[in-house]
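Please walk me through this structure in the viewer, telling me what to select at each stop and what I should find there.

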Amino acid sequence: MTVKVGVVGAGMIGADHVRRLTSVVNGAEVTAVTDIDTDRAAEVAASAGARVAPSGREVIGAADVDAVLVASWGPAHAESVLAAIDAGTPVFCEKPLATTIEDCVRIVDAETRHGRRLVQVGFMRRYDAGYRAMRRAVAAGEIGTPLMAHCAHRNPTVPESYHSEMATHDTAIHEIDAVRWLLDDEIASARVLRPRRTTRRFDHLQDPQVMLFEMLSGARVDVEVFVNCQYGYDIRCEVVGETGTVQLADPEQPLVRSQGRAHTLVPQHWKDRFGAAYDLEIQEWVDSVAAGRAAGPSAWDGYAAAMIGDATVRALHSGDLVGAGVGDRPDLYERAADET
Ligand code: NAD
Ligand code: ISE
């Protein structure tokens, strides 16, 4: 079966997913593309031989669309995801699932009423070979009971429109999901430390930030977010257990020795660092649509990340310890032991 995909949002990552669906992934074809920027939609649709649709409504539920990929900007995600659930159409939604808790709850409720999972959220770390190896090591008990995790999320620079809350909602949201999944645990509370600010960027931005999470088990997680680190796109993670540690391997790069120096390259962009993970993420999504069985990060994971994100932003502003209050995972979202 070839899965016919309709794409809502053809910006940077939307266009990259269209390229991936068209020339990397097996078993899929892009049949329709929409974007509020119609020139952009036309250009991306043409690259895939797809039709241009005037709006999401003309994509979701259309006869030539088996599944929808949502890569519009965050505030528009909920409308598309809810429309897809209403049409009974599988939907891949880039992070965040929605930008308000209310919308996340609406999505979880709608999917629960539907009675079967349709939504996958774009937390691509779960498809990265290094993170998968770490999770296998933790789950196999190789480091004993996990006690702590240390993470860093560094971007070379961000534009002026990036503000302090985005360090959580746009950036650390990946670590929030990754540690819940790596440790098979839930985040209970958040605190945020404000280190000395870099002078290399905008006055309005608190950068870097250090987020401190406590898991329900009592394990502690620290996440450094530094989005103007200048030198590259650098993602780090180490889980410390009772008998050992497991650390995220850097992506393979040659080590060059020359003129008395040894050096390697640091990726400059998330597209390069996680390219293989995006490929696998979209391949597994297409496969799950073809098999009629949604898998991967769920709407519940998107909701949980939003709850924890809101608590983290409140902690940033108040300086206090703030409870996340995620609550119990409904039966629909119970994971099989081997699931991503
Ligand atoms: P972008 O601004 O380049 O693209 C967003 C596109 O959505 C734009 O072309 C815009 O015109 C379009 N759009 C906005 N509202 C729309 C609507 N109602 N209907 C149709 N199109 C609409 O942004 P981007 O970097 O491509 O990010 C898009 C989404 O992907 C964001 O939610 C972002 O957080 C997420 N993202 C995820 C990752 C990741 O690592 N998983 C990386 C980058 C971006
Ligand atoms: C971006 O939206 C992403 O999702 C990237 O993975 C992240 O590193 C970056 O900080 C975000 O802005």
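The tour below goes from the domains to the helix contacts and then to the two ligands.

**Domains**

Bear in mind throughout that this is a predicted model. Begin by colouring the protein chain according to its domain assignment, which gives domain 1 as 3-121 and domain 2 as 129-267 + 299-312. Taken over C-alpha atoms, the centres of domain 1 and domain 2 are separated by 28 Å. Where the two domains touch, domain 1 supplies 12 residues and domain 2 supplies 11 residues. On the side of domain 1 that touches domain 2, the elements giving two or more residues are helix 4 and strand 6 (119-121), and helix 4 gives the most, with six residues. That side of domain 1 divides into 10 nonpolar, no polar and two charged residues.

**Helix 4 and helix 9**

Next, select helix 4 (residues 101-114) together with helix 9 (residues 299-318). The axes of helix 4 and helix 9 come within 9 Å and cross at roughly 160 degrees; with angles over 145 degrees counting as roughly antiparallel, the two helices are therefore roughly antiparallel to each other. Their crossing is left-handed. Show side chains for Ile101, Cys104, Val105, Ile107, Val108 and Glu111 in helix 4, which meet Ala299, Trp300, Gly302, Tyr303, Ala306, Met307 and Asp310 in helix 9. By class, this contact has 10 nonpolar, one polar and two charged residues.

**Helix 4 and helix 3**

Keep helix 4 selected and add helix 3 (residues 77-87), whose axis comes within 10 Å of that of helix 4 and crosses it at roughly 10 degrees. Angles under 35 degrees count as roughly parallel, and helix 3 and helix 4 are therefore roughly parallel to each other. Helix 3 makes the contact through Ala78, Val81, Leu82 and Ile85, while helix 4 makes it through Asp103, Arg106, Ile107, Ala110, Glu111 and His114. The contact of helix 3 with helix 4 has six nonpolar, one polar and three charged residues. Two residues of helix 4 deserve a label here, since Ile107 and Glu111 appear both in this contact and in the contact with helix 9.

**Helix 1 and helix 8**

Now move to helix 1 (residues 12-23) and helix 8 (residues 275-291), whose axes come within 10 Å and cross at roughly 65 degrees. Helix 1 passes helix 8 in a right-handed crossing. Select His17, Arg20 and Leu21 in helix 1, and you will find them meeting Tyr278, Asp279 and Ile282 in helix 8. This contact has three nonpolar, one polar and two charged residues.

**Ligand 1**

Which residues are the closest to ligand 1? Centre the view on ligand 1, which is surrounded by 24 residues, the closest being Gly11, Met12, Ser72, Ala76 and Glu94. Helix 1, already displayed from the previous stop, gives the largest share of this shell, three residues. By class, the shell around ligand 1 has 10 nonpolar, eight polar and six charged residues.

**Ligand 2**

Finish at ligand 2, and select the residues that surround it, namely Asn155, Asp170, Thr171, His174, Val227 and Trp270. Helix 6 (residues 166-183) gives the most to the shell around ligand 2, with three residues. Colouring by class should show two nonpolar, three polar and one charged residues in the shell around ligand 2.

Conventions
Residues numbered from 1 in each chain as written. Chains lettered and ligands numbered in written order. Predicted model: local features only at pLDDT ≥ 70, side-chain atom pairs only at ≥ 80, totals over all residues. Near = placed C-beta within 6 Å. Helix = DSSP H or I, 4+ residues; strand = E, 2+ residues; numbered from the N terminus. Nonpolar A, V, L, I, M, F, W, Y, C, P; charged D, E, K, R; others polar. Axes fitted to C-alpha atoms, helices over the stretch in contact; angles between N-to-C directions. Parallel < 35°, antiparallel > 145°, perpendicular 65-115°, else oblique. Contact = placed C-beta atoms within 7 Å. Left-handed = near helix turned anticlockwise from the far one by under 90°. Domains from an automatic or database assignment.
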